[in-house]
Amino acid sequence: MEPMQLKDFVRTLDPASLPRVLRVCSGVYFQSSIYEISGNECCLSTGDLIKVTQICLQKVICESLRMGETMELTPNFKGHFSPLTCSQSYGNLEELIAATKQSSKPLPVFFISSYSISIKNNVVPEDQPLLLEAVEIHLGTCCARCVLSTGAKQVTLHLPLSQKGLFWIWEPGVPRTLLQAVQEPALRDLPVTCPTLPWSSLILKPQYEIQAIMQMRRTIVKIPSTLEVDVEDVTASSQHIHFIQPLLLSEVLARQGPFPVPMEILEVPDGPRIFLSPWVDSLQQGQRLWIYGEASPRWRVLASSKGRKVPRHFMISGAYQGKLRRRPREFPTAYDLLSAFQPGQPLQVVAMRDYDGEEEENPEFTSLAVGDRLEVVGSSQACGTQGRDTDVLVCQRLSDQAEEEECEEDQGRILLPVYFPGSFVEEMNDGRRYILEDLIAQFSLPCEVKVVAKDTSHPDDPLTSFLGLRLEEKITEPFLVVSLDSEPGMCFEIPPRWLDLTVVEAEGQPSQPAGPPPIATVEEMTEAFYYKLRKLSACDDQPPPPRPPKRQGTTGQNRPNSREGTIESSQVLGLEQQPLLPEPKTKTLPEFSKDSSNVYSRFPAHKGHMRTKPNMWDPVLNKVPGTEEDARTFLTAHQSPGSPTVTNPSPCHQNHLTTF
């Protein structure tokens, strides 16, 4: 086949003959984009092979033969097209009649004019069909007797043979839709007419989108038929050519077989490392793999080691067969304790730090001591200061005495505000051994465990070396079971969502393994990837937890003034702008009189040789005074007008200043 333009090849292509293999004879390059424009290929090199699999009609350009104007039609255009008898146009009626005699077509015949014709009191519109009945002499002039049909009325016209214009022989045919008109080979490049359009004679120029396969292109290539490139059909001589189509691991997973299948890595995605396992270093370009299919089960558990300064993070497969034993959980706050509580499942804890109940806020906010045993009952709300409701954790205090006394209801009931920064350890007595699947089914996460027996199918199980593991959460994600062709004994699982390699089916027929080797059920993750997974699961699976309420501390603005009895609104506003001050553990400084000459005598004298430094907060200094300079500033601020200023206090005074 001789080279031809791509648009001409597509016009002559029979869709039933697809696929066809083309060779590019003259390449094309658009400067606007190296690869594609609007999703279509725009750069083809000379010698490229294209395997055309499908053609789709995009639009049709209608061009007026007389005016040269164009119009775009969509494939769903509703008009109908009728072909003209021939594509030959004539400059006057004498030429048209001579052509009719040569073709042995008897009169009458229909013809149309691309221009309007004015004769006497009649005007023949352009593209209006006229019936040529005969040639006769009219008023001494050789004329063509024509009949113009306008609705139910017919008018006979005598047009001289010398009438100039652009005439076409027209024979009405079966009306065709736009798709039929462009697909019929007999109408290719022939003028047609359509009553819906403003022109009587026009040419249809369809434009197609070619879908093809090219070497080393992962996706289907879309090529517009208007691309100015010459192609040659080489289907007959290219039967032995195999078009290599790269795939992503996610696409291999979606195909669902057949497995196992040999693959070769073409490209490794850029990005930070996600696993710390040694097989990650082997994933390089050119490495051959065996893919055995999707791993089962799909779920994994994210875990972190305990007992070390820098925790390590692991992804444990649901097929892990190591033995685990539960460990007591730790809860740093009452809010964490409430989050872990599930109705119907008893939760008993031991307090690990003392807590002084805020009886001023609520009398039921009782105190806790180290070693107090509690059983979580649930959550509730209690009335705090100023009538505000406070979220609380309801617990039952347990006793070490007989079981009958533990069941007393009201004696051991205590309330802990959720903002209570206590520390609790779960009280449990469970010495059973679990496999991971049973543990997840019976207990909620997070969960503290100790691996007491390693997975026998994973000789290098690293989990047994840790004092404890915290199983954080369960994720569900498809993985592919993969092994290296160079190391058949190394089998691992790859998540295509986060490690989507570009692969291609390996050439040749490598020896197929008898079955997948043992799979590594534990993979160590990088810290960045671990927290990425935690963040994704928190966003996808559950809403963010509610924000714990702020502690409603009692400040001076909530207490009435002992001297005045009431507080003015301006004073309240002023106090609200001050930061919350800690409650002093000792009495504040005594109130100074206007006569401050004996101000030092108001401080109590030292008893014995020990010095004490009371924790006194001064609103002027906005801190606890602790130096001589701070004390001098304090005294200066509290002096009344006219009192003497102390510049160099006596040694006795200095001794008193150091008590600050």
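The following dialogue between a student and a tutor considers how terms are applied to this predicted model.

Student: How do you know how much confidence the predictor has in this chain?

Tutor: On a scale from 0 to 100, the chain averages a pLDDT of 75, and 72% of the residues score at least 70. Over residues 553–624, however, the pLDDT stays under 50, although the model has 82 contacts beyond four places in sequence for them. Residues 634–638 also have a pLDDT below 50, with 11 contacts beyond near neighbours in sequence.

Student: What makes up the secondary structure of the chain?

Tutor: The chain has 11 helices and 37 strands. Of its 660 residues, 40% are buried.

Student: Why is methionine 428 called partly exposed?

Tutor: The relative accessible area of methionine 428 is 23%. Buried means under 20% and exposed means over 50%. The value of 23% lies in between, and therefore methionine 428 is called partly exposed.

Student: Where is methionine 428 placed, and which residues is it in contact with?

Tutor: Methionine 428 lies in the loop between β31 (424–426) and α7 (436–442). Apart from neighbours within four places in sequence, it is in contact with Arg326, Arg327 and Pro328. Arginine 327 is 101 residues away in sequence, yet the C-alpha to C-alpha separation is 8.1 Å.

Student: What makes a set of residues a nonpolar core, and which members of the largest one touch the most others?

Tutor: The members must be buried residues of certain nonpolar kinds, joined through side-chain atoms within 4.5 Å. The largest such core has 36 residues, and Leu283, Met315, Ile494 and Leu501 touch the most other members. Elements giving two or more residues to this core include α4 (249–255), β21 (261–267), β22 (288–294) and α8 (527–541). Leucine 283 touches Ile265, Val268, Leu289, Phe492, Ile494, Leu499 and Leu501, when residues up to four places away in sequence are not counted. A second, separate core has 34 residues, among them Leu18, Val24, Ile55 and Ile210.

Student: Why might one expect nonpolar side chains to be found together?

Tutor: In soluble globular proteins, nonpolar side chains tend to be buried together.

Student: What makes β8 and β14 edge strands?

Tutor: Their sheet is open and has 6 strands, in the order β8-β15-β9-β12-β13-β14, with antiparallel pairing. β8 (90–92) and β14 (153–160) each have a single partner strand, so one side of each is left without a neighbour in the sheet. From one strand to the next, the twist averages 45°.

Student: How do you know that β9 and β15 pair?

Tutor: Two strands pair if there are at least two bridges between them. Strand β9 (residues 109–113) and strand β15 (residues 164–170) have 4 bridges, in the antiparallel sense. The criterion is therefore met. Serine 113 has phenylalanine 167 in β15 as its bridge partner. Helix α2 (residues 93–102) packs on this sheet, and its direction makes about 125° with that of β8.

Student: Which strands stand at the edges of the sheet with the order β20-β36-β21-β22-β34-β35?

Tutor: This open sheet of 6 strands also has antiparallel pairing. β20 (247–248) and β35 stand at its edges; each has a single partner strand, so one side of each lacks a neighbour in the sheet. Between β34 and β35, which run antiparallel, there are 4 bridges. Valine 481 stands opposite glutamate 493 in β35.

Key:
Residues numbered from 1 in each chain as written. Predicted model: local features only at pLDDT ≥ 70, side-chain atom pairs only at ≥ 80, totals over all residues. Heavy atoms only, no water. Buried < 20%, exposed > 50% of the residue type's maximum accessible area, 1.4 Å probe, protein only. Contact = heavy atoms within 4.5 Å. Axes fitted to C-alpha atoms, helices over the stretch in contact; angles between N-to-C directions.
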